Amino acid sequence: RAHRAISERIVRRAAVVMRATVRLTTRCDNACCFCAQAGVEPADAEGWRAELEAARDECDEVTFTGGEPTLAASLVDAIAHAKALGFVAIGVQTNAR
């Protein structure tokens, strides 16, 4: 019975948290043979702002991706804007180079 109550709480919590992904750049400092960035267009400043604002209605979390998002000049501004919008978790998917 206790297991069922815990499972129900986890399911409820999982159903509430949604994560948005925003691609800031396709630039990267790796040369991975499996890269799927070819032909993908990143959002410009107006685009990522609009994506964040639209996502905030349904999402509590956002992850910035690329290419390598730390190479995007707009990363700090994007993080600040996400924080101002009230995202509870803000992540950066990076290769850590």
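Three worked exercises on strand E2 and its surroundings follow.

The model is predicted, so local features need pLDDT of at least 70, side-chain atom pairs count only at pLDDT 80 or more, and totals for chains, interfaces and linings use all residues. Residues are numbered from 1 along each chain as its sequence is written, and side-chain values use heavy atoms, with hydrogens and water left out.

**Exercise 1. Place E2 among its neighbours**

Task: state which strands pair with E2, and in which sense.

Solution:
- Start with the elements. Helices (H or I, at least four residues) and strands (E, at least two) are DSSP runs, numbered from the N terminus.
- Apply the pairing rule: DSSP must find at least two bridges between two strands.
- Take E1. E1 and E2 pair in the parallel sense over five bridges. Here Val-22 stands opposite Phe-64.
- Take E3, residues 89-92. It pairs with E2 in the parallel sense over four bridges. Here Phe-64 stands opposite Val-92.
- Add the helix. E2, H3 and E3 make a right-handed β-α-β unit. Right-handed means that, with the strands pointing away from the viewer, the path from the first strand over the helix to the second runs clockwise.

**Exercise 2. Sort the side chains of E2**

Task: decide which residues of E2 point one way and which the other way, and whether they are buried.

Solution:
- Set the cut-offs. Buried means under 20% relative accessible area, exposed over 50%, partly exposed in between (1.4 Å probe, protein chains only).
- Split the strand. Glu-61, Thr-63 and Thr-65 point one way; Val-62 and Phe-64 point the other way.
- Recall the general pattern: in a regular strand, side chains alternate between the two faces of the sheet.
- Check burial. Five of the five residues in E2 are buried.
- Follow Phe-64. Its contacts (heavy atoms within 4.5 Å) include Leu-24, Leu-52, Ile-79 and Ile-90, not counting residues up to four places away in sequence.

**Exercise 3. Find the salt bridges**

Task: list the salt bridges of the whole structure and grade the exposure of each partner.

Solution:
- Use the criterion: a side-chain nitrogen of Lys or Arg within 4 Å of a carboxyl oxygen of Asp or Glu.
- Count them. The search finds two.
- First pair: Arg-19 and Glu-61, with the closest N and O atoms 2.8 Å apart. The pair links distant parts of the chain, E1 and E2, 42 residues apart.
- Grade it. Arg-19 is exposed because its relative accessibility is 54%. Glu-61, at 16%, is buried.
- Second pair: Arg-56 and Asp-60, with the closest N and O atoms 3.6 Å apart.
- Grade it. Arg-56 is partly exposed at 23%. Asp-60 is partly exposed at 21%.
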